[in-house]
Amino acid sequence: MFGLKKLTLAVALLALGQMTAPARAFDLGVIGFQFSSETHARVANAAAAAAKAKGWNVTLLNSEGSLPKHAEQFEALIAKKVDAIIIAMGKPIEADAQFKAAKDKGIPVITVQSGASPHALFDIQTNEYQLGAEATLYLLGQLGYQGNILTARFDLNVASRIRGKILDAVLSENPAVKELGKFSMARTQSWRDDVRAGMQALLLQNQGKINGVWASFDGQAYIIDDLLKAQGVKKGEIPLVSVDGGPESFARIADPDSTFMATVSIPFEAMGKQAVDAVEAIVVKKQPKESISPGPYLFVDAVLVDKNNVKQFLK
């Protein structure tokens, strides 16, 4: 009888231990392709912060603009058997093998501003066709749809490339606007130096002929703005327009000494948090992926910011 009581007590204690044992924290991997690009860091850091706020374990990695390092970090997260992966500005084509490996191992992947992959759940994305048109038409409006422009492009990034293609489509329908020259940025860790050298050469070659400048993303625009100011260009004389948004963009738009006129602002922090919320809904709560996004893209809205509304974005 006594032995039976001891056995019953042991079973009860074991059950109690199982009931009170803390559940294993959700393990999330987050990779940003290149933190020296502010937008990559904004998405990745926002995702990491949102995950930590939920009590999750987070491995936050920076690929530093290196495709081999990007692949290695992806593979390291797969080997670690994390519960899910979020990638900011990833490379679904170049890293297709890693995306497939994650899917084969049952690790869900959500990307942000990366393009679609058949092996990822979906990509959280702005409509780059719309953004490209909005930025381009704003610039042409400043010029009265006539004049000469310079452009800074980045064709190795899918978002920037789409913006450039829409620019070309708009220019083809507005022959009174001429593209005097264009600089195409390479994917390098020294991209700022590349933009500075390339655009400075174009500005000097075409001095006195330029009516406006189009940049494919705001990081390029900051460098061009500094070059124009160094030449003594005043706000409105050579309008500079770009896409991305953020504190520095808003400060320059509001600055009477800056040539930066407008940006189409993308909610990068909200997109990082949205990726974490989607992981929670699909992976933790087991909601169907289609309840979050019916297709390969989950689109979010962007807003054009210029002198008329920049005050509401300044902190």
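## The mixed sheet

In this predicted model, six strands build an open sheet with mixed pairing. Their order is β7-β6-β8-β9-β10-β12. Strands β7 (177-184) and β12 (303-305) lie at the edges. Each has a single partner strand, so one side of each lacks a neighbour in the sheet. On average, neighbouring strands here are turned by 20° against each other, direction ignored.

Inside this sheet, β8 (residues 212-215) and β9 (residues 240-244) run parallel. Two bridges join them. One residue pair can be named: Trp214 has Val241 in β9 as its bridge partner. Helix α6 (residues 158-172) lies across β6 (147-153), β7, β8 and β9. The helix runs at about 165° to β6.

## The parallel sheet

A sheet with parallel pairing is also present. It is open, has six strands, and follows the order β2-β1-β3-β4-β5-β11. Its edge strands are β2 (57-62) and β11 (297-300), each pairing on one side only. The average turn between neighbouring strands of this sheet is 15°, direction ignored.

Strand β1 (residues 27-32) runs parallel to β2, and six bridges join the two. Within this pairing, Gly29 stands opposite Thr59 in β2. Helix α10 (residues 268-284) packs on the sheet. The strands touched by α10 are β1, β3 (84-88), β4 (109-112), β5 (122-126) and β11. The direction of α10 makes about 150° with that of β5.

## The α8 and α9 pair

Helix α8 (residues 218-230) and helix α9 (residues 247-254) have axes that come within 10 Å. These axes cross at roughly 35°. The crossing of α8 past α9 is left-handed.

Which residues of α8 meet α9? They are Asp218, Tyr222, Asp225, Asp226 and Lys229. On the α9 side, the partners are Glu248, Ser249 and Arg252. By class, the residues of this contact divide into six charged, one polar and one nonpolar.

## Pro267, ahead of α10

Pro267 sits in the loop between β10 (260-265) and α10. Is this residue buried, exposed or partly exposed? Its relative accessible area is 28%. Buried would need under 20% and exposed over 50%, so Pro267 counts as partly exposed.

Beyond neighbours within four places in sequence, Pro267 is in contact with Thr126, Val300 and Asp301. Thr126 falls in β5 (122-126), and Val300 falls in β11 (297-300). Both of these strands belong to the parallel sheet. Thr39 lies 228 residues from Pro267 along the chain, yet their C-alpha atoms are separated by 9.7 Å.

## The chain as a whole

The chain holds 10 helices and 12 strands. Its C-alpha trace spans about 105 × 40 × 35 Å along the principal axes. Of its 315 residues, 51% are buried.

Contacts between residues 24 or more positions apart make up 71% of those with a separation of 6 or more. The accessible surface comes to about 14800 Å². Carbon and sulfur atoms account for 57% of this surface.

Terms used:
Residues are numbered from 1 along each chain as its sequence is written. This is a predicted model: local features need pLDDT of at least 70, side-chain atom pairs count only at pLDDT 80 or more; totals for chains, interfaces and linings use all residues. Side-chain values use heavy atoms; hydrogens and water are left out. Two strands pair if DSSP finds at least two bridges between them. Helices (H or I, at least four residues) and strands (E, at least two) are DSSP runs, numbered from the N terminus. Axes are lines fitted to C-alpha atoms, for helices over the stretch in contact, and angles run from 0 to 180 degrees between N-to-C directions. Contact means heavy atoms within 4.5 Å. A crossing is left-handed if the near helix is turned anticlockwise from the far one by less than a right angle, and right-handed if clockwise. Ala, Val, Leu, Ile, Met, Phe, Trp, Tyr, Cys and Pro count as nonpolar, Asp, Glu, Lys and Arg as charged, and the others, Gly among them, as polar. Buried means under 20% relative accessible area, exposed over 50%, partly exposed in between (1.4 Å probe, protein chains only). Accessible areas come from the Shrake-Rupley method with a 1.4 Å probe; for residues, only the protein chains shown count as cover.
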